[in-house]
Amino acid sequence: MAAVSISPLPFKPMPPPVLTHQSLAKLVSGTLIQGDADSTISGLNSLSEAVAGDVSFLGNPRYAAQIKTTKATAILITQSLTDLPHDKALIRVDNPTLAFSTVIKWFAPPARPLMIGVHPSAIIASSARLDPSKVSVGPHAVIEDEAVIGDGSIIHAGAYIGYAAKLGNDCVIHANAVIKEHCLLGHRVIIHSGAVIGSDGFGYELANGRHQKIEQLGIVQIDDDVEVGSCTSIDRARFGRTHIGSGTKIDNLVQIGHNVVTGKNCILVSQTGISGSTRLGNYVVMGGQVGVAGHLQIADQVTLLAKSGVTKNLAAPGAYTGYPAKPLIEGRKMLTYPGRVPELLERVKELERKLAAINGKTAE
Amino acid sequence: MAAVSISPLPFKPMPPPVLTHQSLAKLVSGTLIQGDADSTISGLNSLSEAVAGDVSFLGNPRYAAQIKTTKATAILITQSLTDLPHDKALIRVDNPTLAFSTVIKWFAPPARPLMIGVHPSAIIASSARLDPSKVSVGPHAVIEDEAVIGDGSIIHAGAYIGYAAKLGNDCVIHANAVIKEHCLLGHRVIIHSGAVIGSDGFGYELANGRHQKIEQLGIVQIDDDVEVGSCTSIDRARFGRTHIGSGTKIDNLVQIGHNVVTGKNCILVSQTGISGSTRLGNYVVMGGQVGVAGHLQIADQVTLLAKSGVTKNLAAPGAYTGYPAKPLIEGRKMLTYPGRVPELLERVKELERKLAAINGKTAE
Amino acid sequence: MAAVSISPLPFKPMPPPVLTHQSLAKLVSGTLIQGDADSTISGLNSLSEAVAGDVSFLGNPRYAAQIKTTKATAILITQSLTDLPHDKALIRVDNPTLAFSTVIKWFAPPARPLMIGVHPSAIIASSARLDPSKVSVGPHAVIEDEAVIGDGSIIHAGAYIGYAAKLGNDCVIHANAVIKEHCLLGHRVIIHSGAVIGSDGFGYELANGRHQKIEQLGIVQIDDDVEVGSCTSIDRARFGRTHIGSGTKIDNLVQIGHNVVTGKNCILVSQTGISGSTRLGNYVVMGGQVGVAGHLQIADQVTLLAKSGVTKNLAAPGAYTGYPAKPLIEGRKMLTYPGRVPELLERVKELERKLAAINGKTAE
């Protein structure tokens, strides 16, 4: 191995950022209704974890009690919140959660400057189509023949764009992610590292005692504004397409089988698995580690709680839990009913004792 | 970053393929028993999703009713099927599912032409052994020292073949998959993108309050005709080998612990996990999200339904479900028994009421 | 594709290693208390799988009965073990499990010689800091601007070290693993292939019917002596840090949500998922496929059995199981109680029959 010369650059530690209460209010388009305008904050955290000098926020009324106990110096609150603490700087905003996002960005470490162009080590097949003045392709990325990359898209280091795959504008494919041949991505699609789009569906035909592979010759189509988490697998269709509807957000380590169709704006939390050919409506939400059998229909606005397992169609919107999944109230009861068994055993024993006593008496 | 010049090739949209009923029958070695020989089909889909102009198939008798309601124009059916619809083109074949695979291939987008040879950007260690005229090694693939690649094998872009790993003939290692040092693959093994073969087993010894790593110095051996899904991890043995028997098919995101042994022709569906040193017989099937504890023996032809959890040896073939897993009938009942608790509570309450009435009477 | 010339090196099969009983005792700093000093062993395995010529070990008293039935020729045993077999070579050592690790290393295939330096195909940004004479950077690895790699660290082929990420000394980043921007790793941290450190946390705000991405601007901090398995995802914090305490060991395919904090020396087995902002104490153990909801506190020394699901804080150390997770004894009963339902139904039916008989009699 050749030893290359790396210049030992001095570290440049960031100066700790500070922000006055008044500047903070301006930053979030809010109103400072209490607290000294010129005092400063130097950090940020949730109400429960904040320390002196931090700004925090109350976005969820469930945590309202914490604004009395938090150690935060300043708090972003809604326009209507009452019962306020007297010792904090308070800033009213329309949406404290979104406003806090603005604060987070202000305090965040500087993002890596985006490099426009194609890194010399990237391999771009001669028939691939992209405008090098409008995309960013990182080191060792590979873009195969006939692939198309829309303007504004970023292909990070080591990512792979397969033969004839087509990406819309402003997509971000993170380091070492894989988009396989013929798959189609819309605009503003984000694929995180290690995710695999378009691996073969899992299909075999048992013949003569052996599992013979059924060719998987369809594609994956991912519509606009979808995000796919790290190490998530979305299998290509046996034929036709596996289809992820626009605005759907998929967490890490999720499995989407071949020919699955999701509606728009679904939320699939980590480690959930959806078997082949199942169809989800719009706004379907699945908690972590949910499993759904194949060839099912899940209605719009169904919410599945974490770890539930679905074995039948769910035709009505609403929440479900348990395995097999049942409507929320019933599903929760199914989880608690076994706990009534000891009491039942005791009561039955007592009945048997009393009845024996009566029978003894009547037998006399 | 240097901006490279990418030629903006014109798109070449495929002409929509069409196939006459007669050509279709010939394609699948079948017999057109009904329908116009010269009419054409232009697409394909399952019975439930087909539209006019599509060919479909009836492979599973469970869907027989659908051949009356499908919108498909032509249907592939078995030699023996009766009760046929009158308004469809019908083609009898020996195995509609396999025949349909042929149709799928006919309609599939053209596969990327295989590039024989080693891409100039691939790194092949000088002591690695392969015949560049008989293999395909993609861009940025890495093949370490002493590795051996059999003839006919394809190592896709960014894949990694570790030190002294050995692959048989006609293997396919997909983009960014990882085969670690000393691992052995037979012939016709397929490893999908993001899969990791030969990562360290998970073993520690608690000493002085710290988990000390137990070296994992064995290998993974994968026999002929095995397929491993995307983002699946198969750990190397602590010593000796983790062994995947021939013909076994493993889906995405599956975990195989160190020293696990699977028999031949097993099917392991997505997100299943098998803990260290467990041994599976032949033709074992595990549904999605199954978990199996370590050091267990699972007999030939055991089938575990999705989400079941195995904590003891399973010595008899057959289906099991639930956690802890029980034979199918019993396991299913265990899932439904909690639903009988409300009725039991009601009946016990009624008994108590009646008994109190009797006792009241007898106490008179 | 250019066909490169690969020299067809002759295979160098290893001579089968053999070790005399006396050399074996010396190797493990033990005492040969029984057996011929000059006889040899030529392999190694667990007690249950050993064959003649193998050395094995008894580390766990649970397997004590096996030392009478094992086919091993030599066995490593504790200083205090009694009830010994008469036909085996026996070597007393302080810790048979650790001693066996030494034997494993002796028999293991030769490790790949470590290449010091930076492979010419690796891409190291000009402002990255590392000492090429003290690190190993493999083919096609990418190290972005401002990243820092400590001495003794190994960055394997295809691994990605993001902008301003910082690694301590003696870390090992396996092939194709991803460490994203600004993440911090301590000393002796091992990240296996396909793992992703610092992908975005999963956070959205529903506004106007669409899930708007909440920027994830924090980092992941991993302290000394942590190991992270293959295809595991650890998300960066929304702000601040996701924090893995020193000595914690994480298996394959585990999901760690944003802002999760683990204590020191935790063990997280494969396919476990921990939702955002949950905090674990020290020495927390989670079996495979465990799920933990977000924003919870898990006390020191809590052990969660495989497949359990945690929905509430666990404030007391000890073992828990089931879903929702309960203390071990209660949790196990909850899994068995449904099995008492048939008996209850039978006893209630009998009571009803008898009571009807009495009522019939008293009605006479």
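1. Which residue in E34(C) is the bridge partner of Gly273(C)? In this model, which is a predicted one, the partner is Gly291(C). The two strands concerned are E31 (residues 273-274) and E34 (residues 291-292) of chain C, which run parallel and are joined by two bridges.

2. That pairing belongs to a wider arrangement in chain C, where ten strands form an open sheet with parallel pairing, in the order E9-E11-E14-E17-E20-E25-E28-E31-E34-E37. At its edges stand strand E9 (123-124) and strand E37 (309-310) of chain C, each of which pairs on one side only.

3. An antiparallel pairing can be examined elsewhere in chain C, where strand E21 (residues 204-207) and strand E22 (residues 210-213) are joined by four bridges. Leu206(C) has His211(C) as its bridge partner in E22(C). The two strands form a hairpin with two residues between them, and in the turn Asn208(C) has a positive phi of about 55°.

4. Gly281(C) deserves a separate comment, since it sits in the loop between strand E32 (279-280) and strand E33 (285-286) of chain C. Its relative accessible area is 12%, under the 20% cut-off, and so Gly281(C) counts as buried. Apart from neighbours within four places in sequence, Gly281(C) is in contact with Thr262(C), Gly263(C), Lys264(C), Cys266(C), Ile298(C), Ala299(C) and Asp300(C). By contrast, the C-alpha atoms of Gly281(C) and Val148(C), which are 133 residues apart along the chain, are separated by 30 Å.

5. Turning to the relation between chains, chain A can be laid on chain C with an RMSD of 0.1 Å by a turn of 120° and a shift of 0.0 Å along the axis. These two copies are therefore related as by a three-fold rotation axis. In chain A, the C-alpha nearest to that axis belongs to Pro338(A), at 3.3 Å. Chain B can likewise be laid on chain A by a turn of 120° and a shift of 0.0 Å along the axis, with an RMSD of 0.0 Å. Of the residues of chain B, Pro338(B) comes closest to the rotation axis, its C-alpha lying at 3.3 Å.

6. The aromatic residues also merit attention, as a search of the whole structure finds twelve aromatic pairs over all chains. One of them is formed by Phe202(B) and Tyr204(B), an edge-to-face pair with 5.1 Å from centre to centre and 85° between the planes. Phe202(B) and Tyr204(B) are both buried.

7. Which pair of rings joins two chains? The rings of Phe239(B) and Phe100(C) have their centres 5.1 Å apart and their planes at 80°, over the 60 degrees required, so this pair is edge-to-face. Phe239(B) lies in the loop between strand E25 (233-235) and strand E26 (241-244) of chain B, whereas Phe100(C) lies in helix H3 (residues 96-107) of chain C, and the pair therefore joins two chains. Both Phe239(B) and Phe100(C) are buried. In addition, ring pairs link Phe57(A), Phe100(A) and Phe239(C) into a cluster.

8. Phe100(A) is among the buried residues of H3(A), which also include Pro96(A), Thr97(A), Ala99(A), Ser101(A), Val103(A), Ile104(A) and Phe107(A). This helix (residues 96-107 of chain A) has twelve residues and reaches 16 Å from its first C-alpha to its last, close to the 16 Å expected at 1.5 Å a residue. The N-terminal end of H3(A) is capped by Asn95(A), a side-chain oxygen of which lies 3.1 Å from the backbone nitrogen of Thr97(A).

Definitions and conventions:
Residues are numbered from 1 along each chain as its sequence is written. Chains are lettered from A and ligands numbered from 1 in the order in which they are written. This is a predicted model: local features need pLDDT of at least 70, side-chain atom pairs count only at pLDDT 80 or more; totals for chains, interfaces and linings use all residues. Side-chain values use heavy atoms; hydrogens and water are left out. Copies are superposed by least squares on the C-alpha atoms of residues with pLDDT of at least 70 in both. Rings of Phe, Tyr and Trp (its six-membered ring) pair if their centres lie within 6.5 Å; planes under 30 degrees apart count as stacked, over 60 as edge-to-face and the rest as tilted. Buried means under 20% relative accessible area, exposed over 50%, partly exposed in between (1.4 Å probe, protein chains only). Two strands pair if DSSP finds at least two bridges between them. Contact means heavy atoms within 4.5 Å. The expected span of a helix is 1.5 Å times one less than its number of residues. A polar contact is a pair of N or O atoms within 3.5 Å; within protein, one must be able to donate a hydrogen and the other to accept it, and residues adjacent in sequence count only if both atoms are side-chain atoms.
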